[in-house]
Amino acid sequence: MKPQWWPGQEHEAFTEWAISNGIDTNSVTPARFQGRGLGMMATRNIKKGELVLQVPTHLMLRVEDIPSTFIDRLPEDIAVHAVLAAYLTHGAPDELSKYELWRKSWPSRKDFEDSMPILWPTVLGGPQLPTSKDDAPTDSEQPCLLTPSLSGRWNSLHPGSKTRKYSPDYQNIISQQAHRLRKAWTDVISAFPDTNWETFSYNWLIVNTRSFYWLGDGKETPEDPNDAMGLVPFADYFNHADVARDVKFDENTYEFRATKDYEEGEEVFMNYGSHPNDTLLAEYGFFLDVNEADSIYLDDIVFRDIQSAEQQEELWLNQYYGNYQVTPHGPCYRTEVAACLTYMKEEDWRNHVLGGQTQGLDESRSEATIKRWILTYAAEADATITALQKAMELNTTVQAHRSKADMLLRRWRQIKDLCENAVKTVAV
């Protein structure tokens with residue numbers, strides 16, 4: 001009789017392949033955890049700092065592992081992400097055969113459709129994608145059930161227009177992700193016109209969710225960090241948790257070390273990066289119940305109050321334009337600086353920002369402004385929770401996607417709690 005944690009035949013076969021090919025898995029093994037699915041389980045007691053997994057780099061899938069004759073068919077400016085997905089889709093069968101057991105261990109396309117908002121129907125806020133089978137076109141009057149960080153849309157307010165373009169942190173995530181996927185699709189079909197959309201988008205999501213940072217010896221760090229990636233066999237069993245990171249690689253091996261003590265039978269985690277829950281949901285299809293890196297962004301709310309060209313110029317010139325973050329522990333300094341500008345004379349504000357002067361500063365007014373901004377986001381949470389609950393009762397399409405709607409409802413309630421906790425940190 002198989003133990004309760006047994007991962008399944010395909011994972012057992014892949015584990016045997018990994019060991020026979022030199023992957024050091026003496027400390028961990030894939031396992032099923034009740035309520036969480038597949039993960040990595042400690043096979044012995046592990047001390048912090050111990051090596052838990054070592055993978056020979058020649059077993060990885062990287063751009064340098066793809067024949068140049070294949071890459072030469074693709075556009076010169078194609079992203080590394082797209083190259084890897086294209087190779088998984090159109091690589092020669094005899095070349096891809098060495099990855100066969102590994103690929104059988106990967107999640108299915110349905111797994112992605114269930115968990116990844118980029119593949120969700122538009123009624124839940126999913127984007128329009130090439131040749132995607134959608135239930136309806138996007139309706140601007142329809143409530144957006146995704147969070148503003150994911151969708152860029154609001155239900156409870158009409159944001160003021162911004163006068164400058166800037167790089168927003170962790171905002172409009174789905175549209176940016178969809179743009180990358182559309183660009184990858186366009187690039188690949190220019191070389192392989194018969195590309196199947198479902199197969200390619202599946203492989204693109206495999207690369208997106210299962211890649212690790214990789215930079216070959218002597219290579220310069222690319223401007224886009226997404227171009228420094230490779231797939232590491234067996235390491236993709238690790239689930240994410242808010243723990244420290246201890247990952248190293250060189251030309252020969254990719255190593256993972258424990259960042260805490262683990263007991264035999266316990267799940268061993270790795271950190272995918274310090275990301276808010278909206279980013280984890282968009283990029284990996286899950287989010288954490290407790291996440292110290294979770295946050296919301298008040299940019300659209302702030303720019304409703306700060307609309308004058310002169311004020312926005314001050315923010316821009318002093319490098320405080322946008323990315324107004326709030327965590328459960330309170331607002332960031334950028335948010336505090338922006339709040340001061342809503343009532344201070346611009347000269348006083350500039351002297352305060354540049355020299356720490358307090359002429360014209362009224363902390364109670366700043367705190368009241370920030371509290372109002374956070375409560376505006378809380379009102380958005382309330383409005384969307386109500387709309388989502390109504391849709392779950394009345395909309396047959398939403399009812400057909402109940403698990404996705406439940407996930408969104410849980411996320412919105414998290415955001416409401418985050419707002420309430422953050423408001424408590426702001427004294428008035």
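A residue counts as exposed when its relative accessible area is over 50%. Glutamate 264, with a relative accessible area of 57%, is therefore exposed. That residue is a handy first stop in this predicted model. The protein has 428 residues, and 50% of them count as buried. Its secondary structure comes to 17 helices and 12 strands. Welcome to the tour, which starts with the whole protein and then visits a few places in turn.

**The protein as a whole**

- For 428 residues, a compact globule would have a radius of gyration near 22 Å, and the 24 Å of this protein agrees with that.
- Taken along the principal axes, the box filled by the C-alpha atoms is roughly 70 × 50 × 50 Å.
- Among contacts with a separation of 6 or more, 68% are between residues 24 or more positions apart.
- About 20500 Å² of surface is accessible, and carbon and sulfur atoms account for 47% of that surface.
- The protein carries 42 positive and 64 negative charges, and the mean positions of these two sets are 3 Å apart.

**An open sheet of four strands**

- If you follow the sheet across, its four strands come in the order 1-2-9-6, with mixed pairing.
- The edges are taken by strand 1 and strand 6 (239-240); each has a single partner strand, so one side of each has no neighbour in the sheet.
- Strand 1 (residues 28-33) runs antiparallel to strand 2, and six bridges join the two.
- These two strands also make a hairpin with three residues between them, and in its turn glycine 35 has a positive phi of about 80°.
- Phenylalanine 33 has glycine 37 of strand 2 as its bridge partner.
- On to the next pair: strand 2 (residues 37-42) and strand 9 (residues 267-270) are antiparallel and joined by two bridges.
- Methionine 40 is matched there with valine 268 of strand 9 as its bridge partner.

**A closer look at strand 1**

- Five of the six residues of strand 1 are buried, so the rest of the structure largely encloses this strand.
- Threonine 29, which belongs to strand 1, has a relative accessibility of 15% and counts as buried, because the cut-off for buried is under 20%.
- Leaving out residues up to four places away in sequence, threonine 29 touches Trp5, Thr15, Gly39, Met40, Met41 and Thr43.

**Back to glutamate 264**

- You can find glutamate 264 in the loop between strand 8 (253-257) and strand 9.
- Its contacts, apart from neighbours within four places in sequence, are Ala42, Thr43, Arg44 and Asn45.
- Glutamate 264 and isoleucine 46 are 218 residues apart along the chain, yet their C-alpha atoms are separated by 7.5 Å.

**Strand 8 and its partners**

- Four of the five residues of strand 8 are buried, so this strand is largely enclosed by the rest of the structure.
- Strand 3 (residues 51-56) runs antiparallel to strand 8, with five bridges joining them.
- Leucine 53 stands opposite phenylalanine 256 of strand 8.
- Strand 7 (residues 247-249) is likewise antiparallel to strand 8, through three bridges.
- A hairpin of three residues links strand 7 to strand 8.
- Phenylalanine 249 has tyrosine 254 of strand 8 as its bridge partner.

**Helix 3, wrapped by its surroundings**

- In helix 3 (residues 80-90), 10 of the 11 residues are buried, so the rest of the structure largely encloses this helix.
- Those buried residues include Val80, His81, Tyr87 and Thr89.
- Their cover includes helix 2 (68-71), helix 4 (93-96), helix 5 (100-104), helix 8 (173-191), helix 9 (197-210) and strand 5 (229-231).

**Two residues with a positive phi**

- Phenylalanine 234 is not a glycine, yet its phi is positive, at about 80°.
- The loop between strand 5 and strand 6 holds phenylalanine 234, which is buried with a relative accessible area of 0%.
- Asparagine 323, also a residue other than glycine, has a positive phi near 60°.
- Look for asparagine 323 in the loop between helix 12 (309-317) and strand 11 (325-327), where it is buried with a relative accessible area of 11%.

Key: Residues numbered from 1 in each chain as written. Predicted model: local features only at pLDDT ≥ 70, side-chain atom pairs only at ≥ 80, totals over all residues. Heavy atoms only, no water. Buried < 20%, exposed > 50% of the residue type's maximum accessible area, 1.4 Å probe, protein only. Contact = heavy atoms within 4.5 Å. Rg over C-alpha atoms; globule rule 2.2 N^0.38 Å. Areas by Shrake-Rupley, 256 points an atom, 1.4 Å probe, with all protein chains shown as cover. Lys, Arg positive; Asp, Glu negative; His and termini not counted. Charge placed at Lys NZ, Arg CZ, Asp CG, Glu CD. Pairing = 2+ DSSP bridges.
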